[in-house]
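Me: Please take me through this model one feature at a time. I'd like to learn how to read each of them.

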Amino acid sequence: LVTVTTGYPLATSCGKLIASAVDETEMDGPLLWLLRFLDALVYVFLPILVAMLHRLVTGRRVWARFTTRTLLIVESTMNYKLLRAYTSKLVALSWRFATIAVVGQNGTDHFVHEYTHKAQSDVLLAVGLPDGRLPSLAASEASTLMSVQQAKFIKGQGRGIEPYVIGHNPWTRQGLFIREVKLPTTRL
């Protein structure tokens, strides 16, 4: 905005500086049109370049899709419905260009059948993992881990969804989740 408003577009200004250093007084013809074309390319693709730079700085995948993201909450039925409603209310406060779609499903129930075919690189998967150290929750934890593994590896290693997990169990399958949040517990 500043470079165009002041009359000094990026590529054209650099070209004029180089031309003055080489004692070329006039810049016209194809070279001037080429520099103006490069200026147009910079301004057209600047939002994507800034988004890619932001992803690089924050340690996220640089080549993920440039679309609206989807937050898929994988939890027990009651929890995912509450979290989905709460997150949807928070999303209503955001700007339209910075919004996400929020959906949810039970990891031990219909998650595999209803959402794994939508495992694209625009999906952020928030997984609440049951504490499998308790015998009554071991099957639920294993089922949720298998569901997430199936969703993640549909597209292949390094592509597809970005799964994040939160839970009490200090053990999780290595390489399955992007980030893990371990809640404090008194269980050994």
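Me: Let's start with burial: which residues of helix 3 are buried?

Reply: Buried means under 20% relative accessible area, exposed means over 50%, and partly exposed is in between (1.4 Å probe, protein chains only). In helix 3 the buried ones are L32, L35, D39, M52 and R55. Helices (H or I, at least four residues) and strands (E, at least two) are DSSP runs, numbered from the N terminus. Bear in mind that this is a predicted model, where local features need pLDDT of at least 70, side-chain atom pairs count only at pLDDT 80 or more, and totals for chains, interfaces and linings use all residues. Residues are numbered from 1 along each chain as its sequence is written, and side-chain values use heavy atoms, with hydrogens and water left out.

Me: What do those buried residues of helix 3 pack against?

Reply: Look for contact, meaning heavy atoms within 4.5 Å. The partner is helix 2, residues 10-21. Seen from the other side, helix 2 has A11, T12, S13, G15 and A19 buried, and its buried residues pack against helix 3.

Me: How far apart are the end C-alpha atoms of helix 3?

Reply: Start from the expected span, 1.5 Å times one less than the number of residues. Helix 3 covers residues 30-58, so its 29 residues should span 42 Å, and the end C-alpha atoms sit 40 Å apart, which agrees. Helix 2 passes the check too: 12 residues should span 16 Å, and its ends are 17 Å apart.

Me: Where does helix 3 bend?

Reply: A bend at a residue is the angle between axes fitted to the seven residues ending there and the seven starting there. In helix 3 you get about 55° at L46, with a proline, P47, following within four residues. While you're at the helix ends, check phi: G59 follows helix 3 with a positive value near 80°, and D23 follows helix 2 with a positive value near 65°.

Me: Now the nonpolar core. Which residues touch the most other members?

Reply: A nonpolar core is a set of buried Ala, Val, Leu, Ile, Met, Phe, Trp, Tyr and Cys residues joined through side-chain atoms within 4.5 Å. The largest one here has 17 residues, and L72, F111, L125, V127 and F177 have the most contacts with other members. Strand 1 (69-74), helix 5 (111-115), strand 3 (123-129) and helix 6 (138-152) each put in at least two residues. Strand 3 gives the largest share of this core, four residues. There's also a second, separate core of six residues, with L71, Y80, V91 and V102 among them.

Me: What does F111 contact, leaving aside neighbours within four places in sequence?

Reply: The list is L72, V74, Q105, N106, T116, L125, S147, V148 and A151. V127 is another good one to click on: it's in strand 3, and at 1% relative accessibility it counts as buried. Not counting residues up to four places away, V127 touches V74, T144, V148, Y164, V165, I166 and F177. For a long-range yardstick, the C-alpha atoms of V127 and A51 are separated by 26 Å, with their positions 76 residues apart along the chain.

Me: How many bridges join strand 3 to strand 4?

Reply: Two strands pair if DSSP finds at least two bridges between them. Strand 3 and strand 4 (residues 162-167) have six and run parallel, with V127 partnered by V165 in strand 4. Strand 4 also pairs with strand 5 (residues 179-182), parallel again, over four bridges. There, Y164 stands opposite R179 in strand 5.

Me: Last one: how many salt bridges does a search of the whole structure find?

Reply: Side chains of opposite charge can pair when their charged atoms come close. The cut-off is a side-chain nitrogen of Lys or Arg within 4 Å of a carboxyl oxygen of Asp or Glu. The search turns up three. One is R69 with E162, at 2.9 Å from N to O. R69 is in strand 1 and E162 in strand 4, so this pair ties together parts 93 residues apart in sequence. Both R69 and E162 are buried. D131 and R133 also meet at 2.9 Å, N to O; D131 counts as buried at 5% relative accessibility, while R133 counts as partly exposed at 26%. K182 pairs with E180, the closest N and O atoms being 3.8 Å apart. K182 is partly exposed at 32% relative accessibility, and E180 is partly exposed at 34%.
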